[in-house]
Each structure stands twice: as structure tokens, then as C-alpha cells.
Amino acid sequence: DMLVVGVNTNTSANNTKPLDTLVNHLNTSGMVLASLLQTDAVVIFEEGSPLELIKKIKPDVLVNIGGHSLGQIAGSKEVLAADGEVKNINIVDDLPIR
């Protein structure tokens with residue numbers, strides 16, 4: 001098993017997400033995620049959606065951060081069609097990471 005984390009560039013995140021959902025800049029996010037022992041790879045994507053990345057790596061489990069419905073999660077159809085799982089988690093507002 002591998003844990004691969006896809007992270008928007010600052011530009012694509014600013015263009016696709018509400019400003020109040022942006023937590024950290026790319027450099028900070030990438031360094032924190034890469035330093036976690038469980039993380040095998042951090043992949044930066046410029047597109048507004050991680051769909052192409054998801055199609056390339058074909059994950060068994062796709063985890064989305066945010067309050068999206070299953071149909072709104074990029075790559076959910078592809079992962080479910082391959083008998084994978086899609087999980088949706090929320091950011092904890094109390095954490096001092098903003």
C-alpha cells in the first residue's frame with residue numbers, strides 16, 4: 001500500500017476554492033505532508049481538479065477534504081467503477097493551522 005497525496009498549486013487552489021477554505025500555502029502543505037512517515041509521495045497538480053492525477057494513479061481509496069457530495073468529488077466515478085472507496089472528510093476548525 002502507498003499513500004499518495006495530491007495538492008493544488010496556490011494558483012489553482014485560489015481559482016477553484018473559496019478563500020476561507022484555503023489553509024496553507026503550497027510550500028507549507030507540501031513540506032508538512034512529505035514529512036509525515038505515512039506519506040509515500042506528494043504530487044503537486046496545477047489543474048483545477050485532480051481528475052487526471054486520479055486517473056493516472058488509480059487509487060483504491062480516494063479521500064476528499066471538504067463537504068462535497070459524492071457526485072461532486074473529482075474522480076469518484078472512476079474510483080467507484082474500479083471497486084474502490086471514496087471518503088469525504090471535513091477540516092477541523094479548531095486546529096491552529098490557518
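Is Lys58 buried or exposed? Lys58 is exposed, with a relative accessible area of 65%. With that residue as a starting point, here is a short tour of the structure.

## How far to trust the model

What you have in front of you is a predicted model. Its mean pLDDT is 77, and 65% of the residues reach 70 or more. Confidence is highest in helix H4, at 97, and lowest in helix H1 (residues 10-16), where the mean is 52. Where pLDDT is low, the predicted coordinates should not be read in detail.

## Two loop residues with positive phi

Back to Lys58, which sits in the loop between helix H3 (51-57) and strand S3. Its phi is positive, about 50°, although Lys58 is not a glycine.

Asp83 is another non-glycine residue with a positive phi, in this case about 65°. You will find Asp83 in the loop between H4 and strand S4 (85-89). Asp83 counts as exposed because its relative accessible area, 73%, lies over the 50% cut-off.

## The nonpolar core

Which residues make up the largest nonpolar core? There are five of them: Ile54, Leu62, Ile73, Val79 and Val86. In soluble globular proteins, nonpolar side chains tend to be buried together.

Ile54 is a good place to look at the packing. Setting aside residues up to four places away in sequence, Ile54 touches Pro59, Leu62, Ala74, Gly75 and Val79. Among these partners, Leu62 and Val79 belong to the core as well.

## The loop between S3 and H4

Ala74 is found in the loop between S3 and H4. This alanine is partly exposed, at 25% relative accessible area. Beyond residues up to four places away in sequence, Ala74 touches Ser49, Pro50, Leu51, Ile54 and Leu62; two of those, Ile54 and Leu62, are core members.

Leu70 lies in that loop too, between S3 and helix H4 (76-81). With a relative accessible area of 45%, Leu70 is partly exposed. Residues up to four places away aside, the contacts of Leu70 are Ser76, Leu80 and Val86. Leu70 and Val86 are 16 residues apart along the chain, and their C-alpha atoms are separated by 7.7 Å.

## Strand S3: a buried asparagine

Now for strand S3 (residues 61-65), which includes Asn64. Why does Asn64 count as buried? Its relative accessible area is 18%, and the cut-off for buried is under 20%, so Asn64 falls within that class.

Leaving out neighbours within four places in sequence, Asn64 is in contact with Ile73, Lys87, Asn88 and Ile89. One of these, Ile73, is part of the nonpolar core. Asn64 and Ala74 are ten residues apart in sequence, with 8.6 Å between their C-alpha atoms.

## Strand S3: a nonpolar surface patch

Nonpolar residues also appear on the surface. Val61, Val63, Ile65 and Ile89 form a nonpolar patch there, with about 340 Å² of accessible area together. Which element gives the largest share of this patch? That is S3, which contributes three residues.

Ile65 is one of the patch residues, and its place is in strand S3. Ile65 counts as exposed, at 52% relative accessibility. Ile89, another patch member, is also one of the contacts of Asn64.

Terms used: Residues numbered from 1 in each chain as written. Predicted model: local features only at pLDDT ≥ 70, side-chain atom pairs only at ≥ 80, totals over all residues. Heavy atoms only, no water. Helix = DSSP H or I, 4+ residues; strand = E, 2+ residues; numbered from the N terminus. Buried < 20%, exposed > 50% of the residue type's maximum accessible area, 1.4 Å probe, protein only. Contact = heavy atoms within 4.5 Å. Core = buried A, V, L, I, M, F, W, Y, C linked by side-chain atoms within 4.5 Å. pLDDT = per-residue confidence, 0-100. Patch = residues over 30% accessible without salt bridge, like charges linked within 9 Å, V, L, I, M, F, W, Y side chains within 5 Å. Areas by Shrake-Rupley, 256 points an atom, 1.4 Å probe, with all protein chains shown as cover. Salt bridge = Lys/Arg side-chain N within 4 Å of Asp/Glu carboxyl O.
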